[in-house]
Amino acid sequence: MDVGPSKALTLVAQTLEDLGHSVSTFFGMGQPFPEGTPSEIIESVNAADRVLIGLSSTAARATEEILAAKTAIARGVPFGFFCCTYGEFRRPWFEGVLAEAHFLFTINEGDAEEASRYAPRAHIVASGNPDWATYFAPKTGSKEVRKRLDVGPEDLLILSVGSKEVDRNTNLWHNLVLATNRIDRQIILVIARHPGEQNAIETYDWIGETSVHRVVFLETMGMNSNEALAGADVVVSSISSVGIAAACQLIPVIDHISMRDSMWWEKLSGSPEWPPVTEGASRETNNSTGLENLIRLLSYRDSDDVR
């Protein structure tokens, strides 16, 4: 159901089809599946030669994935899992079916080595994520994005990406407003809500009401975060693949990671540490003062032809 595995496995499916294989797919792209999908999944698994399954971020979102795995086990169909980010194989709701998997794809070599403890029968491959490979070549340029968002060359465009949870978003964007309100510069806050969030956009009206700077909700512009990314001077997120995309494009990244964010990530990955921070691709803070200082430090544009 999650966006991350849906996007990555869409690329896998396209490649398999290009090679002449017949592929049945079930991609929620962050939204609940239609009624009747479980029956369709069972039928497809029964007819399949192989089954490749994502690893969604909650037990509730993983219902269809676990159903596919259990059906494959019952029918004796070879099956496996694809990790679209760090440590997904540690998610406890997959423990029983992961132990029976025939193959597993991980994000890097370190994860591949550790994953054998969780999938002892599986052939494990450090495949990376094909969607992440697209991050290095944005489809839109910086000037085009900034023109579409009505952002001048001297303006500071901060792209801030949310999660699926209102409380985590509220903490992030409250501190971001506090931080930017103390910076005497023309700033445009571009807010990108997570495509998997189920709340009304009006939930965040308070951002525009409390900010002294211009606030743009990206969805009202008909753009997504990856499309807008090329125009950003700084990305402020909280454990997001958009931050990884920004790092791939040499755009400064700040990860605002609260205690709640850290606990959430540990539940998903088995570790409280966000690898882009530990590997130096992002700078971390957990408060408005830290955000202010890092925005001041990192908000520069070398030249128009850098990105």
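## Exercises around strand E8

In strand E8, Val236 is the bridge partner of Ser160. Keep in mind that this model is predicted.

**Exercise 1.** Find out which strands pair with E8, and in which sense.

*Solution.* Start with Ser160, whose bridge partner in E8 is Val236. Strand E5 (residues 156-161) pairs with E8 over three bridges, in the parallel sense. Now go on from Val236 to E9, where its bridge partner is Ile254. Strand E9 (residues 253-256) runs parallel to E8, and three bridges join the two.

**Exercise 2.** Work out which way the side chains of E8 (residues 234-237) point, and whether they are buried or exposed.

*Solution.* Recall the general pattern first: in a regular strand, side chains alternate between the two faces of the sheet. In E8, Val234 and Val236 point one way, while Val235 and Ser237 point the other way. All four of these residues are buried.

**Exercise 3.** Follow the chain from E8 to E9 and name the handedness of the unit.

*Solution.* After E8 comes helix H11 (residues 241-248), and then E9. Together, they make a β-α-β unit, and this unit is right-handed.

**Exercise 4.** Describe how helix H8 (residues 166-181) and helix H14 (residues 288-298) are placed relative to each other.

*Solution.* Look at the axes first: they come within 8 Å and cross at roughly 55°. An angle under 35 degrees would count as roughly parallel, and 65 to 115 as roughly perpendicular. H8 and H14 are therefore oblique to each other. Their crossing is right-handed. Finally, look at the contacts: residues including Leu176 and Ala179 in H8 meet residues of H14, among them Leu291 and Ile295.

Conventions. Residues are numbered from 1 along each chain as its sequence is written. This is a predicted model: local features need pLDDT of at least 70, side-chain atom pairs count only at pLDDT 80 or more; totals for chains, interfaces and linings use all residues. Side-chain values use heavy atoms; hydrogens and water are left out. Buried means under 20% relative accessible area, exposed over 50%, partly exposed in between (1.4 Å probe, protein chains only). Helices (H or I, at least four residues) and strands (E, at least two) are DSSP runs, numbered from the N terminus. Two strands pair if DSSP finds at least two bridges between them. A crossover is right-handed if, with the strands pointing away from the viewer, the path from the first strand over the helix to the second runs clockwise. Axes are lines fitted to C-alpha atoms, for helices over the stretch in contact, and angles run from 0 to 180 degrees between N-to-C directions. Angles under 35 degrees count as roughly parallel, over 145 as roughly antiparallel, 65 to 115 as roughly perpendicular and the rest as oblique. A crossing is left-handed if the near helix is turned anticlockwise from the far one by less than a right angle, and right-handed if clockwise. Contact means heavy atoms within 4.5 Å.
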